[in-house]
Amino acid sequence: MPITTIQGALDIHAYDLARVEALAGPQGTLYGASSMAGTLKLVTNAPDTSGFYGNAGVEINNVAHGDFGSVFEGFINAPLSDSAALRLVGWYRDDGGYIDNLPGSRTYPTSGITTKQRCPCREKLQRCRNLWCTPCTRYRS
C-alpha cells in the first residue's frame, strides 16, 4: 500500500505479520513512483499446511471524560490439502472520543464561535437524515 502522507502519524493496523522490511530507495521499478525514497514492506504470515489453528485479541480502552473504545482482532489458519492452506485475518476498531458532535450547532475551537446549522425543511418535529439537520419534514423516521 503506498503511503504518501506528510501529515501526522501513520495509522496502520499491523497484525499477524512475519516481518517488516525497510528497502532503501529508489524502488520505483518494483513498487511504483510513490516509493522513490524507499519502501517499508509489511510481509504477512504465509498460510501453513501443518494444521488448523488461530488466535484472537481484545483491547478495551477509555478516553478521559469520554467514551470507551475497543479493538478486536484475530486470525484463523486452515489447511485445505497437503499443498494448500487458507489464512484469514480480520479486525474491528472502534475509537472512543471526548468530543460530542451535536446536530444543529458547530463550535470552532480557535475562535470559540458557535454557529447554528439550519435544515431547509425545518417545519415539524420529525427526524432528518442529514446529520447537521435538526427536526425536519422532508424525511420520515
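Which pattern does the protein chain follow when read along the sequence? In this predicted model, the order of elements is β-α-β-β-β-β-β-β, made up of 1 helix and 7 strands. The chain has 141 residues, of which 16% are buried. Among contacts with a separation of 6 or more, 38% are between residues 24 or more positions apart.

A good place to start looking is the pairing of S4 with S5. These two strands run antiparallel and are joined by 10 bridges. They form a hairpin, with 5 residues lying between them. One of the bridges can be picked out by name: Gly 74 has Gly 90 in S5 as its bridge partner.

Two residues of S4 deserve a closer look, beginning with Ser 70. Ser 70 sits in strand S4 and counts as buried because its relative accessibility is 12%, below the 20% cut-off. Leaving out residues up to four places away in sequence, Ser 70 touches Glu 59, Ile 60 and Asn 61, and also Tyr 92, Arg 93 and Asp 94. Strand S3 covers residues 53-62 and S5 covers residues 85-94, so the first three of these neighbours fall within the span of S3 and the other three within that of S5.

The second residue is Asn 77, which also belongs to strand S4, a run of residues 68-79. With a relative accessibility of 0%, Asn 77 counts as buried. Its side chain has polar partners of two kinds. On the backbone side, the oxygen of Asp 48 is 2.7 Å from a polar atom of the Asn 77 side chain. On the side-chain side, Asn 77 and Arg 87 are joined by a polar contact of 3.2 Å. The wider surroundings of Asn 77, neighbours within four places in sequence aside, consist of Ala 46, Pro 47, Asp 48, Gly 51, Phe 52, Tyr 53, Leu 86 and Arg 87.

Arg 87 leads on to another asparagine, since Asn 45 is in contact with this arginine as well as with Asp 16, Leu 17 and Ala 18, again leaving aside neighbours within four places in sequence. Asn 45 is located in the loop that runs between strand S2 (38-44) and strand S3 (53-62). Is this residue buried, partly exposed or exposed? At 27% relative accessibility, Asn 45 counts as partly exposed.

The side chain of Asn 45 makes a polar contact of 2.8 Å with the side chain of Asp 16. A polar atom of the Asn 45 side chain also lies 3.5 Å from the backbone nitrogen of Ala 18. Between these two partners in sequence comes Leu 17, whose C-alpha atom is 5.4 Å from that of Asn 45, although the two residues are 28 positions apart along the chain.

Asp 16 and Leu 17 appear once more at the second largest pocket, which holds about 200 Å³ of space. Of its 13 lining residues, the closest to the centre are Tyr 15, Asp 16, Leu 17, Thr 44 and Trp 91. S2 and S5 are the elements that give two or more residues to this lining, and S5 provides the largest share, with 3 residues. By type, the lining divides into 8 nonpolar, 3 polar and 2 charged residues.

Note on methods
Residues are numbered from 1 along each chain as its sequence is written. This is a predicted model: local features need pLDDT of at least 70, side-chain atom pairs count only at pLDDT 80 or more; totals for chains, interfaces and linings use all residues. Side-chain values use heavy atoms; hydrogens and water are left out. Helices (H or I, at least four residues) and strands (E, at least two) are DSSP runs, numbered from the N terminus. Buried means under 20% relative accessible area, exposed over 50%, partly exposed in between (1.4 Å probe, protein chains only). Contact means heavy atoms within 4.5 Å. A polar contact is a pair of N or O atoms within 3.5 Å; within protein, one must be able to donate a hydrogen and the other to accept it, and residues adjacent in sequence count only if both atoms are side-chain atoms. On a 1 Å grid over the protein atoms alone, a cavity is a set of points where a 1.4 Å probe fits but cannot get out, and a pocket is an open set with protein on both sides within 12 Å along at least five of seven lines; lining residues have an atom within 4 Å of a point. Grid points are joined across faces, edges and corners, and a volume is the space filled by probe spheres set on the points. Ala, Val, Leu, Ile, Met, Phe, Trp, Tyr, Cys and Pro count as nonpolar, Asp, Glu, Lys and Arg as charged, and the others, Gly among them, as polar. Two strands pair if DSSP finds at least two bridges between them.
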